[in-house]
Amino acid sequence: LRPEDRLLISANLSPSGLATEEAQTRRHIIAQYDNPPARAWYDGALEALGFPAGLLALAVTSQPLPQSSPVMVKSPGDTGESPVVTVDFPRNPVESPQSSESSSRDNKVAPLSAADAWQVRVTGTLRETHTLRLQGEALPFAKGDALTVFFSNRYSEGAAAGLLATHGLHVQSTWGTADGEEAIFLCRKE
């Protein structure tokens, strides 16, 4: 980003107050990922990849955010033939207090708690052995092997702003939904 550029980032959030109503809030959010249309979407993606319908038993769970979460990215100009790169983002990138000398980083960020950052995870466990064939390679899976099918990291609004700050982005404005589950952040480079 150039100094005059602005970036809009949309995020699914963990509503404020999660610590006091954690179980109820998590059940509400997990229900968005554990319903017939969502399961049909997971099954369709798995079938397109080469896992027959019904081969995987799906489970939707929540957990504290892992120490790192793999994110797959492709380089600009990628033709689709080059390998996908996996980047690990640390769970708690905002642990260290920000320097008071930095005028653009005026909001101190505390270490993330389970209320600030957690993950919805969809896992598929193979009901029987299966060999997946991708680009001419055979990938054998045993009965009982588990695959992460999908995950969504959920941050509180403050933790999301802190995470953006660790990547050199200053949040100028935030617009959030009344329920605290979604927000748009207007950012600029620090």
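This passage looks at a few strands and two individual residues in a predicted model.

Strand β10, residues 182-189, is a good place to start, as it has partners in both β1 and β9. With β1 (7-12), the pairing is antiparallel and runs over six bridges. One of the matched pairs here puts asparagine 12 across from glutamate 182 of β10. Strand β9, which covers residues 169-176, also lines up antiparallel to β10, this time over seven bridges. In that pairing, leucine 169 sits opposite lysine 189 in β10. β9 and β10 make up a hairpin, with five residues separating the two strands. The turn includes glycine 180, whose phi is positive, at about 75 degrees.

Just ahead of β1 comes the segment that holds aspartate 5. Aspartate 5 has a relative accessibility of 18%, and since the cut-off for buried is under 20%, it counts as buried. Its side chain picks up a polar contact with the side chain of arginine 2, at 2.9 Å. Leaving aside residues up to four places away in sequence, aspartate 5 touches Cys187 and Arg188.

Glutamine 135 is worth a look for its backbone. Most residues other than glycine have a negative phi. Glutamine 135, though not a glycine, has a positive phi of about 50 degrees. This residue belongs to the loop that links β6 (130-134) to β7 (137-141). With a relative accessible area of 83%, glutamine 135 is over the 50% cut-off and therefore exposed.

Notes: Residues are numbered from 1 along each chain as its sequence is written. This is a predicted model: local features need pLDDT of at least 70, side-chain atom pairs count only at pLDDT 80 or more; totals for chains, interfaces and linings use all residues. Side-chain values use heavy atoms; hydrogens and water are left out. Helices (H or I, at least four residues) and strands (E, at least two) are DSSP runs, numbered from the N terminus. Buried means under 20% relative accessible area, exposed over 50%, partly exposed in between (1.4 Å probe, protein chains only). A polar contact is a pair of N or O atoms within 3.5 Å; within protein, one must be able to donate a hydrogen and the other to accept it, and residues adjacent in sequence count only if both atoms are side-chain atoms. Contact means heavy atoms within 4.5 Å. Two strands pair if DSSP finds at least two bridges between them.
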